[in-house]
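User: I am new to this structure and would like to learn how to read its features one at a time. Could you take me through them, giving the general idea before each case?

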2 protein chains.
Amino acid sequence: MVYFGDMKEKSPFELEDFMPYLLNQAAEKTSLEFQKYYRLKYGMLRTEWRVLFHLGRYGALTAKAICDRAGLHKTKVSRAVAALETRRFIQRNRMEQDRRQEVLTLTRAGENAFDDLVAEAARYNTRLMQNFSAEDAETVRRILLQITAMETVQP
Amino acid sequence: MVYFGDMKEKSPFELEDFMPYLLNQAAEKTSLEFQKYYRLKYGMLRTEWRVLFHLGRYGALTAKAICDRAGLHKTKVSRAVAALETRRFIQRNRMEQDRRQEVLTLTRAGENAFDDLVAEAARYNTRLMQNFSAEDAETVRRILLQITAMETVQP
DNA sequence: GGGTATTAGTTGTGTTTGTAACTATCAATG
DNA sequence: CATTGATAGTTACAAACACAACTAATACCC
């Protein structure tokens, strides 16, 4: 019988068993790939694309509403809104009943960009997921949503 | 019969159907949560933790080898190595047969940090994944690896 | 062996992010 | 109404990142 005394028994822990790592690798890959649509074609950053998406998908919103829905910090949204306005993708209108808030709406150019990018997103998603069975896709979707919605994984 | 002419039929596309979005949300959540272990306790950044991990898990490596294995850019690794050396977690030794390269090894402090962080990583992972069945966990793992390894999702 | 190309690693620069502090407006309470 | 506190959004500053240019050492090859 062979003696395995020299083997490191303690750490069979591989990076590929570590979910944050796996998630990051996959997220980074797909994000970088999809970037080229909104970045090259419209000069947007990821946050800008997400803000645009929320406005296109859910109609006029305030910055705060976008923060809440999208889980983005207000400074990120503020900068994205400023950039999108500069490029004439959105329009701001102060509310009269509460002049702290402003309602954001897509311009015609913004709607066009939205339509285009949503179509690209759907196509990208289809191409990405066609490699997997419908059951597997649904399992992944469900678990990712669940992880995202989990309250803190307690120490 | 009601006329639905005004409905936007074209875009039943939700963010929650968009895999890059789902991946990013889950990745960001878990990364931020796990950050506190290496960040608060050892003052490391994510790249530093990953460099430390590779050295602890796979033994002495050059910076280039870490780049290749971890899929990190050399400038990131260079700065992580500098930071880890400053905090005395690693040691550098120029190779005699090729004086461009330097072999990186963990110091005692580096090994201690590695052992601690790997244990925390394993515990975090267990707590995260205990909410799912073994089959689901395996499905997710497999698909995330597959996505990461995919060549470009062609336009 | 001398010029050219590669390779390992570093540094510099502009861009993006995170955090905190700030302004302006509104709400609540005395 | 005046003061205090909360809220929507912006700005300022430092940390982090990406990408290109750089240094130093080695390989190639005529």
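Analyst: Let us begin with residue classes: Asp, Glu, Lys and Arg count as charged, while Ala, Val, Leu, Ile, Met, Phe, Trp, Tyr, Cys and Pro count as nonpolar, and the others, Gly among them, count as polar. Please keep in mind that this is a predicted model. With those classes, the surface near DNA strand D has two nonpolar, five polar and 12 charged residues.

User: Which residues come nearest to DNA strand D?

Analyst: A residue is near a strand if one of its heavy atoms lies within 4 Å of it. There are 19 residues around DNA strand D, of which A:Lys64, A:Lys74, A:Ser78, A:Arg92 and B:Arg39 come nearest. On the DNA side, sugar and phosphate make up 65% of the atoms of strand D that come within 4 Å of the protein.

User: Which helices supply the surface near DNA strand D?

Analyst: At least two residues each are supplied by helix H3 (63–70) and H4 of chain A, together with H4 of chain B, and the largest share, four residues, comes from H4(A).

User: What lies within polar contact distance of the bases of DNA strand D?

Analyst: A polar contact is a pair of N or O atoms within 3.5 Å. A polar side-chain atom of A:Lys74 is placed 2.8 Å from a base oxygen of DNA strand D, and one of A:Arg79 is placed 3.2 Å from a base nitrogen of that strand. The backbone can take part as well, since a polar backbone atom of A:Glu102 is 3.1 Å from a phosphate oxygen of DNA strand D.

User: How many residues surround DNA strand C, and which are the closest?

Analyst: DNA strand C is surrounded by 20 residues, the closest being A:Arg79, A:Arg100, B:Lys64, B:Ser78 and B:Arg92. Here sugar and phosphate account for 55% of the strand C atoms that come within 4 Å of the protein. By class, the surface near DNA strand C has two nonpolar, six polar and 12 charged residues, and H4(B) gives the most to it, with four residues.

User: Which side chains have polar atoms by the base oxygens of DNA strand C, and at what distances?

Analyst: A polar side-chain atom of B:Lys74 lies 2.8 Å from a base oxygen of DNA strand C, and for B:Arg79 the corresponding distance is 2.9 Å. Turning to the phosphates, an N or O atom in the side chain of B:Arg92 is 2.2 Å from a phosphate oxygen of DNA strand C.

User: How are chain A and chain B related to each other?

Analyst: The idea is to lay one copy on the other and look at the movement that this requires. Chain A can be laid on chain B with an RMSD of 0.1 Å by a turn of 180° and a shift of 0.1 Å along the axis. The two copies are therefore related as by a two-fold rotation axis. Because 100% of the interface residues of chain A are also interface residues in chain B, the copies meet through the same surface.

User: Is B:Lys29 buried or exposed, and why?

Analyst: Buried means under 20% relative accessible area. B:Lys29 has 17% relative accessibility and therefore counts as buried. The residue is found in helix H1 (residues 19–42) of chain B, and, leaving aside its neighbours within four places in sequence, B:Lys29 is in contact with A:Ile147, A:Thr148, A:Met150, A:Glu151 and A:Thr152.

Methods. Residues numbered from 1 in each chain as written. Chains lettered and ligands numbered in written order. Predicted model: local features only at pLDDT ≥ 70, side-chain atom pairs only at ≥ 80, totals over all residues. Heavy atoms only, no water. Polar contact = N/O pair within 3.5 Å; in protein donor to acceptor, adjacent residues only side chain to side chain. Least-squares fit on C-alpha atoms with pLDDT ≥ 70 in both. Contact = heavy atoms within 4.5 Å. Buried < 20%, exposed > 50% of the residue type's maximum accessible area, 1.4 Å probe, protein only.
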